[in-house]
Amino acid sequence: MTATMKVLLLKEPRESENEADPYIKELASYGHTATLIPVLSFKFVSLNELSERLFQPERFAGLIFTSPRAVEAVKICLDSHTHTHKWDAVKDEWKAKSVYVVGKATASLVADLGLCPLGEETGTADSLSLLILQISGENRESLPLFFPCGSIKREVLPTALRNNHVPLETLTVYQTSEHPDLQKNITDYFTQQGVPASVAFFSPSGVTFCLDLLKRLSGSQLEQIKFAVIGPTTADALESHGLTVRCCAEKPTAKHLATAIARALQ
């Protein structure tokens, strides 16, 4: 039996009132105590432009969602009472087109909209772009794919599509900034709990916003922290700051990350 260790997860809790965040649950199944500290705060923008495009499916070959937040922006547009019945009118048109997603969380939100997500198994923008090229290569479309995204998006996907002449229209629908309580929350955690056995990062911006403070608070114990990441992009960000990534989730799910962290902590 492994000893109980403390794990700090630098992410926002999964929105669900009635049950624990899946990351906390999965780590608890290995006997570890996890704490979540939200790193980012989000502000939705350009929702009128987004609504306009959602009700003109004939303009596009399909949709791309690489984050749950982008789907949330769509949901906000559709929930405004004027639009609910209009969505039923265009939903079938979108269903006849390709709706691409990265990862399980985004896929399940897209399914909630009544659409059929493609690419749930792709864990990264790189592997999603390969899937898009494969499918759009089979039916050469002159219409662009519509990609509602965040202000901090990587250029991997747009570049891959551009290089292969797949037209794309992007719209920034949410802006990402540092969570206002981030520095205070991390400081309080270290004061009350001490230095955690493992710290998990979920985005390159998480690394940017938290690393200096973590270094300062852990001092000479920095070397003992086993750093975990949700995927290769975040791993690159951490390594570019000269830190060693001890484990990376095989796929971006709570189960895979918890397994990787538990193995690293053995």
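1. In this predicted model, strand S9 (residues 198-201) and strand S10 (residues 226-229) run parallel and are joined by 4 bridges. Within this pairing, Ser-198 stands opposite Lys-226 of S10. To get from S9 to S10 the chain passes through helix H9 (residues 204-218), and the resulting β-α-β crossover is right-handed.

2. Strand S10 also pairs with strand S11 (residues 245-248), again in the parallel sense, and here the pairing extends over 3 bridges. One position that can be located by eye is Val-229, which stands opposite Cys-248 in S11. The connection through helix H10 (residues 232-239) completes a β-α-β unit made of S10, H10 and S11, and this unit is right-handed.

3. A further element to examine is an open sheet of 6 strands, whose order is S3-S8-S7-S4-S5-S6 and whose pairing is mixed. The edges of this sheet are formed by strand S3 (40-44) and strand S6 (117-118), each of which pairs on one side only.

4. At the S3 edge, the neighbour is strand S8 (residues 168-178), which runs antiparallel to S3 and is joined to it by 5 bridges. A reader wishing to check the register may start from Phe-42, whose bridge partner in S8 is Thr-176. When side chains are followed along such a pairing, it is useful to recall that in a regular strand they alternate between the two faces of the sheet.

5. Helix H2 (residues 47-54) lies across three strands of this sheet, namely S3, strand S7 (145-150) and S8. Relative to S8, the helix H2 runs at about 145°.

6. The packing of helix H1 (residues 22-29) against helix H11 (residues 254-265) deserves a separate point, since the two axes come within 9 Å and cross at roughly 40°. With that angle, H1 is classed as oblique to H11, because angles under 35 degrees would count as roughly parallel and those of 65 to 115 as roughly perpendicular. The crossing of H1 and H11 is right-handed.

7. On the H1 side, the residues that make this contact are Pro-22, Tyr-23, Glu-26 and Leu-27, while H11 contributes Ala-254, Lys-255, Leu-257, Ala-258 and Ile-261. Sorted by class, the contact of H1 with H11 comprises 7 nonpolar and 2 charged residues, with no polar residues. The charged residues are Glu-26 of H1 and Lys-255 of H11.

Methods: Residues are numbered from 1 along each chain as its sequence is written. This is a predicted model: local features need pLDDT of at least 70, side-chain atom pairs count only at pLDDT 80 or more; totals for chains, interfaces and linings use all residues. Side-chain values use heavy atoms; hydrogens and water are left out. Two strands pair if DSSP finds at least two bridges between them. Helices (H or I, at least four residues) and strands (E, at least two) are DSSP runs, numbered from the N terminus. Contact means heavy atoms within 4.5 Å. Axes are lines fitted to C-alpha atoms, for helices over the stretch in contact, and angles run from 0 to 180 degrees between N-to-C directions. A crossover is right-handed if, with the strands pointing away from the viewer, the path from the first strand over the helix to the second runs clockwise. Angles under 35 degrees count as roughly parallel, over 145 as roughly antiparallel, 65 to 115 as roughly perpendicular and the rest as oblique. A crossing is left-handed if the near helix is turned anticlockwise from the far one by less than a right angle, and right-handed if clockwise.
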